[in-house]
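Work through the exercises below with the model open. Try each task before you read its solution.

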2 protein chains.
Amino acid sequence: MFSKACEYGIKASIFIAINSYEGRRVSPKEISKEIDSPQAFTAKILQDLVRHNIINSVKGAYGGFEIDKDKIASTKLSQIVNAIDGDKVYNHCGLGLHTCDENHPCPVHDKFKTIRAELKDMLENTNLEELALDIKSGLTFLKI
Amino acid sequence: MFSKACEYGIKASIFIAINSYEGRRVSPKEISKEIDSPQAFTAKILQDLVRHNIINSVKGAYGGFEIDKDKIASTKLSQIVNAIDGDKVYNHCGLGLHTCDENHPCPVHDKFKTIRAELKDMLENTNLEELALDIKSGLTFLKI
DNA sequence: CACAAATAGGATAAAATTATCCGAAATAAA
DNA sequence: TTTATTTCGGATAATTTTATCCTATTTGTG
């Protein structure tokens with residue numbers, strides 16, 4: 001469904017959000033430990049999220065990654081996915097046709113339509129805040 | 001969603017089904033031309049489908065690939081996907097956790113649950129016959 | 001200013017996926 | 001039985017994704 005990079009990016013964003021609520025910046029080392037991902041690779045993905053304005057980085061001593069507190073609730077899962085994997089989750093034809101639409105559908109176009117729409121809807125209506133709160137309250141987990 | 005190999009495998013199966021209704025065997029060359037895929041790679045995937053008993057191969061002159069006519073309607077899309085991509089489409093955690101279930105859910109477990117179930121349901125309730133008929137009647141397409 | 005602590009970014013490596021090539025084996029027909 | 005045709009299967013290559021390493025750059029503190 002998502003690339004490894006995207007999986008790491010989502011989990012990292014959630015962990016950063018949790019810590020940003022407490023005013024704490026986190027490093028790639030802490031993050032990769034907490035989400036069980038390769039550190040250097042995770043750092044690359046964080047750079048990408050910074051470039052896409054999803055998270056914030058502060059260089060130098062006492063630096064690290066953070067998210068503006070008042071941005072957490074309005075950051076959608078779809079933005080993270082889009083930043084890392086692009087729009088192929090929504091737009092790529094299920095069977096890889098270059099053009100696949102109502103006028104020229106692939107054999108599974110119709111059957112995929114609702115599923116794809118629901119996925120899109122879910123990603124666009126899920127925000128970082130709810131995901132972070134579930135982790136904090138021990139309802140969900142970032143690793144294992 | 002699916003691997004390239006799986007996309008090719010699905011399209012190839014549909015094309016073979018169409019021709020099997022007419023009692024015609026088809027070669028990797030014809031298939032790859034019709035579904036716009038690399039020939040040798042497609043041949044490998046066909047071998048895989050043969051090993052998984054989804055299609056049938058006949059070696060030698062006048063040989064080729066075919067599907068038993070009376071098997072087409074009972075062959076589910078899920079069987080093809082499973083043969084090539086395994087069960088990860090259904091079972092792999094959305095965020096890559098090794099264990100992700102009701103007792104130990106990842107942050108998006110619940111939100112993915114219905115989507116994943118629908119996908120599974122769709123794949124298990126779509127058969128080769130309907131896909132082949134749609135192509136034959138010009139309703140859907142295998143390439144471009 | 002010098003130093004320590006961080007992220008940024010380029011180069012490279014490893015692994016997985018996608019793709020190609022070629023000879024072996026099987027089979028039908030002449 | 002020979003020949004032409006066709007799948008099978010192993011070896012290899014190309015590409016993409018995943019992952020690592022090292023140096024440069026930035027920045028706060030003493």
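The exercises that follow cover two chains, two DNA strands, one helix and one cysteine.

This is a predicted model: local features need pLDDT of at least 70, side-chain atom pairs count only at pLDDT 80 or more, and totals for chains, interfaces and linings use all residues. Residues are numbered from 1 along each chain as its sequence is written, while chains are lettered from A and ligands numbered from 1 in the order in which they are written.

**Exercise 1. Find the turn and shift that lay chain A on chain B.**

Step 1. Superpose the copies by least squares on the C-alpha atoms of residues with pLDDT of at least 70 in both. Chain A then fits chain B with an RMSD of 0.0 Å.

Step 2. Read off the operation. The turn is 180 degrees, and the shift along the axis is 0.0 Å. That is the relation of a two-fold axis.

Step 3. Locate the axis. Met1(A) comes closest to it among the residues of chain A, at 2.5 Å (C-alpha).

Step 4. Compare the contact surfaces. Residues are in contact if their C-beta atoms, placed from the backbone, lie within 7 Å. Of the contact residues of chain A, 97% recur in chain B, so the same surface serves both copies.

**Exercise 2. Describe the side of chain A that touches chain B.**

Step 1. Count the residues. Chain A brings 31 residues to the contact and chain B brings 30 residues.

Step 2. Name the elements. Helices (H or I, at least four residues) and strands (E, at least two) are DSSP runs, numbered from the N terminus. On chain A, α1 (4–21), α7 (109–124) and α8 (128–136) each supply at least two residues. The most come from α7(A), with 6 residues.

Step 3. Sort by class. Ala, Val, Leu, Ile, Met, Phe, Trp, Tyr, Cys and Pro count as nonpolar, Asp, Glu, Lys and Arg as charged, and the others, Gly among them, as polar. This side of chain A has 16 nonpolar, 8 polar and 7 charged residues.

**Exercise 3. Which residues come nearest to DNA strand C, and which to DNA strand D?**

Step 1. Apply the cut-off. A residue is near a strand if its C-beta atom, placed from the backbone, lies within 6 Å of it.

Step 2. Take DNA strand C. Of the 24 residues around it, Ser57(A), Lys4(B), Pro38(B), Ala40(B) and Gly60(B) come nearest. α3(B) gives the most to this surface, with 4 residues.

Step 3. Take DNA strand D. It also has 24 residues around it, and Lys4(A), Pro38(A), Ala40(A), Gly60(A) and Ser57(B) come nearest. Here α3(A) has the largest share, 4 residues. By class, the surface has 11 nonpolar, 9 polar and 4 charged residues.

**Exercise 4. Why do the buried residues of α2(B) line one face of the helix?**

Step 1. List them. Buried means 20 or more other C-beta atoms within 10 Å of the residue's own; exposed means 12 or fewer, and partly exposed is in between, with C-beta atoms placed from the backbone. In α2 (residues 28–35) of chain B, the buried residues are Pro28(B), Ile31(B), Ser32(B) and Ile35(B).

Step 2. Look down the axis. The buried residues of α2(B) fall within an arc of 95 degrees (taken from the directions from the helix axis to the C-beta atoms), so they line one face.

Step 3. Recall the rule. An α-helix has 3.6 residues a turn, so residues three or four places apart point the same way.

Step 4. Find the cover. It includes α1 (4–21) and α3 (39–51) of chain B.

**Exercise 5. Place Cys93(A).**

Step 1. Cys93(A) lies in the loop between α6 (88–91) and α7 of chain A.

Step 2. Cys93(A) counts as partly exposed, because it has 19 C-beta neighbours inside 10 Å.

Step 3. Not counting residues up to four places away in sequence, Cys93(A) touches Cys100(A) and Cys106(A).

Methods: Contact = placed C-beta atoms within 7 Å.
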